[in-house]
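Colleague: I should like to go through this model with you, one question at a time. Please explain how each answer is reached.

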Amino acid sequence: MPSYTAPTKDLHFVLHDLLQISTSDVPGYADLDADFTSAILEEAAKLGQNVMAPLNASGDAEGCRLENGMVYTPKGFKHAFDQIKAGGWNGLDLPEDFGGQNLPYLIGSAVGEIFVSANMALNMYQGLTHGAISAILAHGSDAQKATYLPKMVSMDWTGTMNLTEPHCGTDLGLMRTKAEPQADGSYKITGQKIFISAGDHDMAENVIHLVLAKAPGGGAGTKGISLFIVPKFLVGEDGSLGARNGVSVGSIEEKMGIHANATCVMNYDAATGYLIGDLHKGMRAMFTMMNEARIGVGLQGYAQAAVAYDNARAYALDRLQGRDVTGAKNPDGPADPLIVHPDVRRMLMDQKSFVEGARAFTLWGASLIDRAHRMQDKDADGLISLLTPVIKGFLTDKGFDMCIQAQQVYGGHGYIEEWGMSQFARDARIAMIYEGANGVQALDLVGRKLAQDSGKHVMAFFEIVKTFIKENENDARLEGFLVPLKAASKDLQAAAMFFMQRGMKAPNDALAGSTDFMHLFGHVCLGLVWARMAKAAYAALESSTSDRDFYDAKIATGRYYMARHLPATALHLARIQSGAETVMALDAAHF
Ligand SMILES: Cc1cc2nc3c(=O)[nH]c(=O)nc-3n(C[C@H](O)[C@H](O)[C@H](O)COP(=O)(O)OP(=O)(O)OC[C@H]3O[C@@H](n4cnc5c(N)ncnc54)[C@H](O)[C@@H]3O)c2cc1C
């Protein structure tokens with residue numbers, strides 16, 4: 001059975017040493033002193049470790065079931081859900097007006113990592129609800145907010161997002177679900193949605209579906225799409241639950257992972273729906289939810305890698321196989337532990353340096369969201385918009401790779417379900433697909449975000465890297481960070497230039513290199529946060545009270561990332577610059 005220990009110390013390092021939140025000018029951050037954030041993280045750790053993680057493997061084995069139209073979650077899930085609910089965890093970063101605690105999004109993200117590592121399938125019921133709340137907050141009327149938000153913040157009711165249909169996933173313009181206007185201002189929603197996460201379950205009184213559908217007069221393609229609130233049980237004016245709406249679960253999908261999250265086929269049969277936001281502007285409203293959700297999915301990618309690494313590390317310290325080639329480390333035992341072997345070290349260092357870098361990158365991104373929302377900072381908004389596909393695509397691709405590495409540390413035992421490593425890989429795999437498959441994230445980055453606002457945000461990113469290097473170039477301790485960061489950043493600039501010059505003339509060149517660009521960008525982001533973390537660690541080491549082992553390990557781990565991962569940028573650049581010629585050479589018939 002795998003175990004889980006929440007990385008509270010590292011989260012604390014990112015919040016306080018790296019991001020220095022208590023002295024930040026973002027409204028609300030000044031209240032986040034070290035004692036306060038530690039108390040929150042420790043409480044979240046208790047819930048994650050003692051309540052959620054113990055249900056991860058059993059939930060995976062049991063899965064959800066559909067009986068007589070009702071969806072049942074695995075044994076123990078309702079009890080755990082009730083504890084998350086009672087702790088008010090869903091409302092941590094939501095407005096007080098609707099029952100939340102109004103803490104920064106950053107804190108919600110730090111807690112989110114703990115819950116996702118502990119039990120991703122269970123956490124998704126809350127995650128989807130959080131996303132639906134964000135869309136209602138941003139686009140709902142005052143009456144809709146008053147009706148739905150208090151119950152959703154408290155998790156008496158949960159939420160879903162319904163985009164996908166059998167014939168349309170990426171290309172939502174093909175959508176067929178219809179919305180017919182009614183005399184009372186509501187709509188009748190008819191159609192089928194598939195793959196709907198947390199589509200139904202037995203843990204909440206009501207499920208509030210946010211559904212994309214086509215209302216008359218909107219025209220073809222995505223332009224004609226509107227967003228609707230479709231409750232499972234209709235809600236009376238006084239907030240009481242009324243009749244069952246015309247929405248039902250057709251089936252639960254059999255799938256590779258996240259078995260304990262009910263992925264449902266949802267049938268809408270003239271279900272009553274209420275328009276949210278402007279008619280025919282549903283994509284805009286849904287994107288509010290999807291941008292937040294994409295960062296949440298990037299977090300899922302590294303959070304699965306984090307728990308997988310935690311177990312691989314423990315296994316490598318415990319399992320005895322072979323001898324250290326430089327001399328026995330466990331001479332009285334039959335063999336040395338796996339961790340003595342350089343190739344096992346390589347796998348562990350790959351995971352550790354990725355996970356800690358990804359954590360810092362994601363939480364930096366979360367702090368940009370706070371800056372954008374709490375200070376109406378347009379530059380922060382533009383920067384996080386640029387970085388969102390990188391957080392989603394790069395961290396989930398790499399997160400899955402790192403789960404596989406963790407599985408590899410276990411040898412054959414990694415392939416055996418009992419050890420739990422297979423579940424981390426299976427659960428992590430979906431993060432590369434949903435919320436827009438990673439190939440589509442790369443297209444978004446290259447096709448939209450790079451040139452957004454005339455390239456202002458990518459230029460701002462380059463400026464951040466350049467300024468950091470310049471400000472620290474006289475600090476010899478950071479040389480091993482700044483030199484590779486500079487080289488990697490140059491590769492990124494060369495790639496961006498290649499797309500800008502070729503993008504219009506030869507769009508396939510940009511599209512064929514888009515995934516390489518997303519990965520190149522991801523490495524530079526992790527290189528930047530590692531350089532910043534090294535600086536923060538050196539600063540902490542100057543204090544006599546610091547935990548030297550922790551900070552020394554932090555610097556050594558960063559040096560590994562810079563030496564062993566960052567050179568990948570040159571490979572990505574070479575691939576990008578080779579253009580589309582070899583990618584497109586074959587006639588479709590020759591595949
Ligand atoms: C377990 C699970 C849970 C899910 N939860 C939800 C949910 O809660 N709500 C919801 O609405 N949906 C959900 N989905 C659906 C998910 O978001 C889609 O599967 C995903 O967006 C991809 O759509 P698709 O499966 O139709 O693939 P397609 O759109 O057919 O794409 C197939 C492949 O082609 C690539 N591709 C497609 N178009 C292009 C292009 N123009 N250029 C380059 N490459 C392209 C994609 O990257 C992908 O690799 C879920 C799916 C699963 C499996």
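Colleague: Which residue does the side chain of lysine 554 meet in a salt bridge?

Modeller: The model is a predicted one. A salt bridge requires a side-chain nitrogen of Lys or Arg within 4 Å of a carboxyl oxygen of Asp or Glu. For the side chain of lysine 554, the N to O distance is 2.5 Å, and the partner is aspartate 10.

Colleague: How many salt bridges does the rule find across the interface of domain 1 and domain 3?

Modeller: The domain assignment places domain 1 at 8-139 and domain 3 at 451-583. Between these two domains there are also three residue pairs in polar contact, both residues being at pLDDT 80 or more. On the side of domain 1 that touches domain 3, two residues are nonpolar, none is polar and three are charged. Across this interface, the number of salt bridges found by the rule is two.

Colleague: Which three residues supply 71% of the area that domain 1 buries against domain 3?

Modeller: Five residues of domain 1 are in contact with nine residues of domain 3. The area buried between the two domains is about 640 Å², and carbon and sulfur atoms give 69% of it. On the side of domain 1, the three residues that supply more than any other three are Lys9, Phe13 and Leu18.

Colleague: What distance separates the centres of domain 1 and domain 3?

Modeller: The centres are taken over C-alpha atoms. For domain 1 and domain 3, the separation is 30 Å.

Colleague: How much of the accessible area of the ligand does the protein cover?

Modeller: The ligand is surrounded by 19 residues, and Met161, Leu163 and Phe195 are among the closest. A polar side-chain atom of threonine 164 lies 2.6 Å from a nitrogen atom of the ligand, while one of threonine 170 lies 2.5 Å from an oxygen atom of the ligand. On its own the ligand has 970 Å² of accessible area, and the share covered by the protein is 61%.

Conventions. Residues numbered from 1 in each chain as written. Predicted model: local features only at pLDDT ≥ 70, side-chain atom pairs only at ≥ 80, totals over all residues. Heavy atoms only, no water. Domains from an automatic or database assignment. Contact = heavy atoms within 4.5 Å. Buried area = accessible area lost by both parts, 1.4 Å probe. Polar contact = N/O pair within 3.5 Å; in protein donor to acceptor, adjacent residues only side chain to side chain. Nonpolar A, V, L, I, M, F, W, Y, C, P; charged D, E, K, R; others polar. Near = heavy atom within 4 Å. Areas by Shrake-Rupley, 256 points an atom, 1.4 Å probe, with all protein chains shown as cover.
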